[in-house]
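Could you walk me through this structure in my viewer, one selection at a time? I would like to know what to click next and what I will find there.

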Amino acid sequence: TIDSILCFQDDNGRITLNPLRGIPDFKFAINQNNYSDGNIFDQLIPGNYTLYLKDSLGCIETYTVTLFQPLQLQSNLIAEIKIKLGEIIVFDPLLNFVPTTIQWVPATGLSCTDCLHPEVQPLRDIEYEVIFTNEYDCELRAKVKIVVDNNTDLYIPNAFSPNGDQINDRLVVIG
């Protein structure tokens with residue numbers, strides 16, 4: 001029985017040998033290491049393994065097994081985004097997998113915390129972290145910092161005519 005490695009760079013592969021023929025008592029080995037009574041080999045990393053099964057008469061069966069490295073979860077989420085005060089942005093991460101859960105933190109200013117494309121309109125610099133989880137509970141964490149440019153331009157007229165003719169009667173500061 002082979003329990004594959006579920007997440008990239010994990011060492012949780014497991015192989016169990018259950019003899020169907022031969023004369024008990026059985027001994028087991030992996031990659032020609034010392035034979036033992038244990039038929040379970042766990043905490044395995046990706047790679048090729050040769051399994052040895054020896055019965056009490058000294059008959060040996062060998063099996064070759066490959067444990068593959070799972071796909072590395074990736075996102076193209078930009079690490080830092082610069083915006084002007086009042087600007088609305090939408091996070092648009094591209095992923096190489098389909099997430100089963102999504103969690104954005106903190107929730108401050110986000111239109112949603114469990115969706116792929118939340119909108120945000122921050123009033124000051126803030127850093128968000130998102131945790132994507134796939135069907136095997138493998139996690140991908142990414143951070144994005146929003147830098148808000150608070151320098152706004154102000155426009156102040158240098159003349160006005162408050163004479164009641166409804167043309168340039170009020171001084172309006174625009175920013």
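Start by selecting Ile156 in this predicted model. Is this residue buried or exposed? Ile156 counts as exposed because its relative accessibility is 57%, and the cut-off for exposed is over 50%. You will find Ile156 in the segment that follows β12 (139-149).

Now add Leu154, Phe160, Leu171 and Val173 to your selection. Together with Ile156, these residues make a nonpolar patch on the surface, and the accessible area of the five comes to about 500 Å².

**Into the core**

Next, select Phe91, Trp104, Tyr128, Val144 and Ile146. They belong to the largest nonpolar core, which has 22 residues, and they are the ones that touch the most other members. Colour β7 (80-84), β9 (101-105), β11 (126-133) and β12 as well: each of these elements gives two or more residues to this core. Which of them gives the most? It is β12, with five residues.

Keep Trp104 selected and show what surrounds it. Leaving aside residues up to four places away in sequence, Trp104 touches a list of residues including Leu77, Phe91, Leu110, Tyr128 and Val144. Cys112 and Cys115 are among its contacts too, and we will come back to them shortly.

Apart from this core lies another one, made of 13 residues. To find it, select Phe26, Phe28, Phe41 and Leu53, which are among its members.

**The disulfides**

How many disulfides are there to look for? The count is two.

For one of them, select Cys112 and Cys115, whose sulfur atoms are 1.6 Å apart. Cys112 is buried because its relative accessible area is 19%, under the 20% cut-off. Cys115 is partly exposed, so described because its value is 21%.

For the other, select Cys7 and Cys138, joined with an S to S distance of 1.8 Å. This pair links distant parts of the chain, 131 residues apart: Cys7 sits in the loop between β1 (2-3) and β2, and Cys138 in the loop between β11 and β12. Both cysteines are buried. Look along the S-S bond and you will see a left-handed link, with an angle of -95°.

**Last stop**

Finish with Thr16, in strand β2 (residues 13-16). This residue counts as buried because its relative accessible area is 13%. Show Thr1, Asn39 and Ile40 around it: Thr16 touches these three, not counting residues up to four places away in sequence.

Notes. Residues are numbered from 1 along each chain as its sequence is written. This is a predicted model: local features need pLDDT of at least 70, side-chain atom pairs count only at pLDDT 80 or more; totals for chains, interfaces and linings use all residues. Side-chain values use heavy atoms; hydrogens and water are left out. Patches are made of residues with over 30% relative accessible area and no salt bridge: like charges are joined within 9 Å, nonpolar side chains (Val, Leu, Ile, Met, Phe, Trp, Tyr) within 5 Å. Accessible areas come from the Shrake-Rupley method with a 1.4 Å probe; for residues, only the protein chains shown count as cover. A salt bridge is a side-chain nitrogen of Lys or Arg within 4 Å of a carboxyl oxygen of Asp or Glu. Helices (H or I, at least four residues) and strands (E, at least two) are DSSP runs, numbered from the N terminus. Buried means under 20% relative accessible area, exposed over 50%, partly exposed in between (1.4 Å probe, protein chains only). Contact means heavy atoms within 4.5 Å. A nonpolar core is a set of buried Ala, Val, Leu, Ile, Met, Phe, Trp, Tyr and Cys residues joined through side-chain atoms within 4.5 Å. A disulfide is a pair of cysteine sulfur atoms within 2.5 Å.
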